[in-house]
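Colleague: Please take me closely through one turn of the chain whose backbone looks odd to you, and then connect it to its surroundings and to whatever elsewhere in the model helps in reading it. I would like the cut-offs stated as you go.

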Amino acid sequence: RMQFNEVAETTEVAERAARELENKLKDSSKGAGMVGYIADGVGAVARTVSERLRETVYVKDFKAVGDGIANDFLAIRSAILAANGKRLVFDKATAYRIDEAGGLMLFGPDDLPDGITIDLRGQKINWTGTRLTDGSQGDQFATNWGVFTFRGTEGASFSVTTASELTAPIPFLPEPFSHTLQVGDCVLIQSLAPGVTEESAEFKDRVINRSVQISRINDGNIYFDNRFRFDLASGTKITYTKLHTLRNIHLLNVLYEDGSVYDTVNKNNGASFVVLDACEDSSVLGINAAGVPEHVISIVRSRAVEISGYANDPKETMQGGYFTQIVQSSRVHVHDARGRNERHIVDVTASAYVSIERSGSFATKNATFTTHGAYEHDLDYDNCFGYMSFSNWGTIFGSCTRKVNVDNHEGTN
């Protein structure tokens with residue numbers, strides 16, 4: 001039989017152990033790692049609650065307030081950086097306000113090497129900041145600076161000159177004598193017409209001027225995931241610039257309002273909303289934006305991108321006010337894009353293999369769909385509506401757009 005003092009001592013030991021366990025479970029660095037978790041279903045693997053929870057990052061875990069008053073710039077930026085390779089979720093809130101001079105978030109390949117999925121779940125972002133006008137965030141009409149800017153970097157460049165004329169359709173291009181390009185690389189290809197210098201070159205001087213992926217290198221030629229639909233003259237200089245791209249960048253389901261004080265006279269402090277510059281295998285979907293003076297979504301030097309959403313009542317419709325502009329890009333799919341009082345729904349410039357479906361506007365201020373005649377080709381418009389204007393060239397552009405397919409369109413062109 002146990003004596004009274006032995007029972008008391010045993011009870012004290014048990015209570016102490018219980019307190020220690022409770023403290024460990026409350027410890028934010030240990031507690032969730034002590035609790036097991038297994039999903040329902042055959043083949044499920046046992047893990048800890050900590051492992052399960054860390055698959056998703058929540059913006060309020062980084063002190064985002066979401067009351068529409070507090071400035072959540074730093075909290076949102078910190079959460080994005082912490083969510084590399086994961087899913088970032090915006091908790092239910094009144095609105096997430098971003099109010100900062102120069103408050104544009106810029107992320108590169110080193111910040112998000114494993115990509116990210118940012119799911120705002122229909123929450124509202126209100127931007128009341130400004131784009132810097134000192135040149136550090138682009139020139140007067142810069143559209144490739146956005147509240148969320150994902151920008152790859154340029155690597156080494158290699159050039160070759162065509163020995164003879166290449167006649168379209170061109171399945172491959174000549175391989176430089178010495179290079180480090182590999183299959184799978186994303187490269188920006190820029191051709192330069194004979195007699196034109198790099199310093200003076202405009203869009204109209206570059207028959208090829210877009211990002212593509214290398215699919216094969218063989219017998220002195222490089223093959224890509226694109227063909228080229230315009231002839232290249234003998235003596236044309238071709239430059240391949242390797243791009244260190246961001247991959248698997250996905251931004252989803254947001255209600256965005258540009259509440260900035262836009263300089264309607266100088267037009268130099270407006271910003272786009274989302275910029276994908278030198279990105280691959282990425283998407284921006286379910287965007288409902290109002291008041292954006294530049295582009296709701298700007299696609300530059302990118303490939304394999306999917307986008308959808310709305311552009312409503314932009315502050316600017318002369319130099320900006322687009323739902324999207326697709327520049328120097330390929331393999332872009334636009335669907336279910338609409339607008340009200342916008343300048344363009346889709347502007348395709350110096351790009352190829354772009355498909356657009358179920359998109360349009362009858363309240364456009366210029367042309368619902370346009371190209372700039374900068375050698376765009378392989379464009380498909382399916383079940384769209386609104387005004388179409390192809391090869392709408394300016395002094396820096398050309399007057400050539402080729403292989404455009406329009407099906408079931410309602411409107412004029």
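**A loop residue and its surroundings**

Modeller: Asp219 has a relative accessible area of 69%, so this residue counts as exposed; the term means over 50%, whereas buried means under 20% and partly exposed lies in between, with a 1.4 Å probe and protein chains only. Please keep in mind that this is a predicted model, in which local features need pLDDT of at least 70 and side-chain atom pairs count only at pLDDT 80 or more, while totals for chains, interfaces and linings use all residues. Residues are numbered from 1 along each chain as its sequence is written, and side-chain values use heavy atoms, with hydrogens and water left out.

The place to look is the loop between β13 (209–218) and β14, where Asp219 is found. Strands (DSSP E, at least two residues) and helices (DSSP H or I, at least four) are numbered from the N terminus. The odd feature in this loop is the backbone of Asp219, for its phi is near 55 degrees, which is a positive value in a residue other than glycine. Most residues other than glycine have a negative phi, and most peptide bonds are trans.

A second positive phi is worth setting beside that one: Tyr353 is not glycine either, and its phi is also near 55 degrees. The settings of the two residues contrast, however, because Tyr353 has a relative accessible area of 17% and is buried, while Asp219 is exposed at 69%. Tyr353 sits in a strand, β25 (residues 352–357), whereas Asp219 belongs to a loop. The other backbone feature to inspect is the peptide bond between Ala168 and Pro169, which is cis, with omega at about 0 degrees. Pro169, like Asp219, is a loop residue, and the loop in question runs between β10 (153–161) and β11 (170–174).

Going back to the loop that holds Asp219, it is useful to follow the chain onward into β14 and to see what the aromatic rings do there. Over the whole structure a search finds 12 aromatic pairs, where rings of Phe, Tyr and Trp (its six-membered ring) pair if their centres lie within 6.5 Å, with planes under 30 degrees apart called stacked, over 60 edge-to-face and the rest tilted. One of these is formed by Phe90 and Tyr96, whose ring centres are 5.0 Å apart and whose planes meet at 85 degrees, so the pair is edge-to-face. Phe90 and Tyr96 are both buried. By contrast, the pair of Phe224 and Tyr240 is stacked, with 20 degrees between the planes and 6.2 Å from centre to centre. Phe224 belongs to strand β14 (residues 221–228) and Tyr240 to strand β15 (residues 237–244), so this pair ties together parts that lie 16 residues apart in sequence. Both of these partners, Phe224 and Tyr240, are buried, in contrast to the exposed Asp219 in the loop before β14. Elsewhere, Phe148, Tyr256 and Phe273 are linked by ring pairs into a cluster.

Rings also meet charges in this model. The charged end of Arg216 sits over the ring of Tyr223, at 3.8 Å from the ring centre; the criterion is NZ of Lys or CZ of Arg within 6 Å of the centre and within 35 degrees of the ring normal. The charged end of Arg151 is placed likewise over the ring of Trp145, 4.7 Å from its centre.

As a counterpoint to the exposed loop residue, consider Leu379 in strand β27 (residues 374–382). Its relative accessible area is 0%, and Leu379 is therefore buried. Leaving aside residues up to four places away in sequence, Leu379 touches Val348, Ser351, Val354, Thr371, Thr401, Lys403, Val404 and Asn405, a contact being heavy atoms within 4.5 Å. Leu379 and Arg331, 48 residues apart in sequence, have their C-alpha atoms 9.9 Å apart in space.

To put these local views into the frame of the protein chain, it contains 29 strands and 3 helices, and buried residues make up 48% of its 413 residues. Of the contacts between residues at least 6 apart in sequence, 67% join residues at least 24 apart.
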